[in-house]
Amino acid sequence: MSGGMHDDDAMLRELVEVLRGAAPEGEALAVLRAEVVAGAARGRRGGSGGAWVVAGVVALLVSGGEVAAAPAREVVRAPEVEHAAIVIAPEPVVAEAPRVEPIAEPAAPPPRSRWRARAAVTPEIDEPIVDASWLAALARVPSSAKSSPAPSEVPSTLHADALRAYAAGRCDEAMPMLQRVVEGESEDAPAAIERAELLLAECLFRGGFVQSSFAMVDAIARRGEAHTQHDEALDLLGRIAQRAPDPDALVDTVSHYSEDRLVRLQGTPSHDALLHLLARARYLAGDFDAAARLFARARTGTRWYVPSRYWEGIAHVRRRRAQPATQAFQAVIDAVGTDRDGGSGEREHLRDLARIAIARVAYTAATPGRESADPARQTVLLERALEAWQRVDFGSVHGLDAFFEESWALYLLGEHARALGHVHGLLSPQLEDRVHPEALVLRATIYFEHCRYEAAERSVADFHTRYDALLDRIGAQERGLDDADAAYALLDAVRSDRGPSGVLGRVLRTTFADREIARQLVLVRSIDAEIARVDRASFAGTSLAARVAQELAIQRALAVTRAGESVRTRIARLADELRARANEIDTVQLEIETARRRALEDGVPLTREPERPTSIVAVQGDQIWPFDGEYWDDELPYYREHVTSICTR
């Protein structure tokens, strides 16, 4: 018995032991096939190849789909033909046992006596080639052709070396080789190259190059089902979403998948992330019904539950469904809790937004102007809105917004002293970096209704003093942002205290302080950090380094564009807000002039008594503190400005 025969027997025993432990999948199968083919070639060159043919059959069976787990009956050989067909016959599941044709020999067939010798030696192997446990392992091998190349698509030596390194966890060694495969250097089959793309993205992710990995997964997703790894990339995309500084940057990528593609990841963190992002994609596409349904499927207790329920409520609001919207917002509040902790975390931030949203839904439902509206019902809704607004801590990120919106509900309820007190607090010097132009509109409106025309005109003048110059500067800033790059440069300057000075600088810093922009900035910085690491990476100096650098440059440009567009949107919104409020305050001025002209035409007094200054106090429980011109931080939410009507009719 030759040394080659002993080598073949050892290989077969090793193969049986491997298959007994766990059915190899994916890369392990590819490596196994490469070794089988190499062994068969050695057999052809050295005269000892029969056992490698058997090993080849094993590899072909593993890659060929499901095999029933049942005891083997026998190995049937056909020694009387020049090219033998080996048939493995398990317990019948189909009409006849599957047949696997042998690999064709390019040279002349070996002598028949050599085949007979091999057949005679085979029973001497210590372990049977096929047994029940081995077939059970084969039955667990996935049948999807996407998970591994077809039997005829044997990986090249370069690809097999890369797969072997990947399977051993040596991604640093595998990545440059996988990149060479992707570049076509190895001339592997297209399906194998696409598999190498996904493995390369996986290795980059494991190495901390999250944005580089995302760029490659994004390319796979955009090709759709034409890419053999389209579905297989989903799990990696979900893991990237869990580590992404700004998950919203992945929404467009996830939109290339349908809901049914996520089913196989059900119950995993990747599924939770992808379901939320898919719902966001549907929302942005305007399909609010589908978005609400997907958001509602978020699992309780997961990271994505609170944001999903919040966005579910927003989707219902867009469809004008008040009750389901309120229920979704309440689910957010219940999940986070009701502690007043200043709304410092993401969950607390969403809880406060949910409270404000509930208040807005109730306020909108109670808004006057409906002839058939029930006054008692309107009062109940307004009081519910007040309760929701008042649960937002005054010192939280959204505290001032809730505080101001509350003032309009107080006005509608007839509690003008409290409404004016809110305006008085909002216009204090401590809050000068926050723009609330509508507060002066509300103050002028209340004064006008009480026929305090002089006080109303002072509010109009105060508005123009505060905001006319600011509006001009914001308008100039808006016109100067020709593109997203210029907008990002402004954002960077403002955040690093190199931006505009004075009131405009303070207003812009506040405007750019929201969480969405903060996440976008973190994303840009994380990409910059990856760019700095490329030259120190294990693959530095290879073609992979050049590709990663290029992908990161593209990702950075996209991230800068998104952040810049957010800046332009906020500046445009701020300018539109000021212009709209300026029109409203000018309308109040016009109404004042109309009232004076009418009084002159009718020959009646404009007011029944001269205007006198109103009294302002801070009411804190049973303590009442008169306002003496000095604002105290702890008094800002508690001011009351008592006003009486001096109208003649």
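Trainee: Is the crossing of H21 and H23 left-handed or right-handed?

Mentor: This is a predicted model, in which local features need pLDDT of at least 70 and side-chain atom pairs count only at pLDDT 80 or more, while totals for chains, interfaces and linings use all residues. Residues are numbered from 1 along each chain as its sequence is written, and side-chain values use heavy atoms, with hydrogens and water left out. A crossing is left-handed if the near helix is turned anticlockwise from the far one by less than a right angle, and right-handed if clockwise. For H21 and H23, two helices (DSSP runs of H or I with at least four residues, numbered from the N terminus), the crossing is right-handed.

Trainee: At what angle do H21 and H23 pack?

Mentor: Axes are lines fitted to C-alpha atoms, for helices over the stretch in contact, and angles run from 0 to 180 degrees between N-to-C directions. With their axes 10 Å apart, H21 and H23 (residues 502–511) pack at an angle of about 65 degrees.

Trainee: How many residues of the contact of H21 with H23 are nonpolar?

Mentor: Contact means heavy atoms within 4.5 Å. H21 contributes Leu-470, Arg-473, Ile-474 and Gln-477, and H23 contributes Val-503, Leu-504, Val-507 and Leu-508. Ala, Val, Leu, Ile, Met, Phe, Trp, Tyr, Cys and Pro count as nonpolar, Asp, Glu, Lys and Arg as charged, and the others, Gly among them, as polar. In the contact of H21 with H23, 1 residue is charged, 1 is polar, and the number of nonpolar residues is 6.

Trainee: Which residues does His-464 touch, not counting residues up to four places away in sequence?

Mentor: His-464 is found in helix H21, where it counts as partly exposed at 24% relative accessibility (buried means under 20% relative accessible area, exposed over 50%, partly exposed in between, with a 1.4 Å probe and protein chains only). Its C-alpha atom is separated by 9.7 Å from that of Pro-437, 27 residues apart along the chain. Leaving out residues up to four places away in sequence, His-464 touches Ile-585 and Asp-586.

Trainee: How many residues apart are Glu-478 and Arg-579, and in which helices do they lie?

Mentor: A salt bridge is a side-chain nitrogen of Lys or Arg within 4 Å of a carboxyl oxygen of Asp or Glu. Glu-478 forms one with Arg-579, the closest N and O atoms being 3.3 Å apart. The pair links distant parts of the chain, 101 residues apart, with Glu-478 in helix H21 (residues 453–480) and Arg-579 in helix H25 (residues 543–602).

Trainee: Which residues do salt bridges that share partners join into one network?

Mentor: Side chains of opposite charge can pair when their charged atoms come close. The structure holds 45 salt bridges. Those that share partners form one network of Asp-246, Glu-346, Arg-515, Arg-519 and Arg-562.

Trainee: Is Asp-272, the partner of Arg-299 in a salt bridge, buried or exposed?

Mentor: The N to O distance between the side chains of Arg-299 and Asp-272 is 2.6 Å. Arg-299 lies in the loop between helix H13 (288–295) and helix H14 (305–318), whereas Asp-272 lies in helix H12 (residues 269–284), 27 residues apart. Arg-299 is partly exposed at 36% relative accessibility. With a relative accessible area of 9%, Asp-272 is buried.

Trainee: About how many helical turns separate Arg-164 and Asp-161?

Mentor: The side chains of Arg-164 and Asp-161 meet in a salt bridge at 2.9 Å, N to O. Arg-164 is partly exposed at 32%, and Asp-161 is partly exposed at 31%. Because they are 3 residues apart in helix H6 (residues 157–167), their separation is about one helical turn.

Trainee: How many of the 12 residues of H7 are buried?

Mentor: Helix H7 (residues 171–182) reaches 15 Å from its first C-alpha to its last, close to the 16 Å expected at 1.5 Å a residue; the expected span is 1.5 Å times one less than the number of residues. H6, helix H8 (190–206) and H25 are included in what covers its buried residues. H7 is largely enclosed by the rest of the structure, because the number of buried residues among its 12 is 9.

Trainee: Is Cys-451, which has a positive phi, buried or exposed?

Mentor: Cys-451 has a positive phi of about 60 degrees although it is not a glycine, and it is found in the loop between helix H20 (437–449) and H21. Arg-320 also has a positive phi of about 60 degrees, but Arg-320 is exposed, with a relative accessible area of 78%. At 8% relative accessibility, Cys-451 counts as buried.
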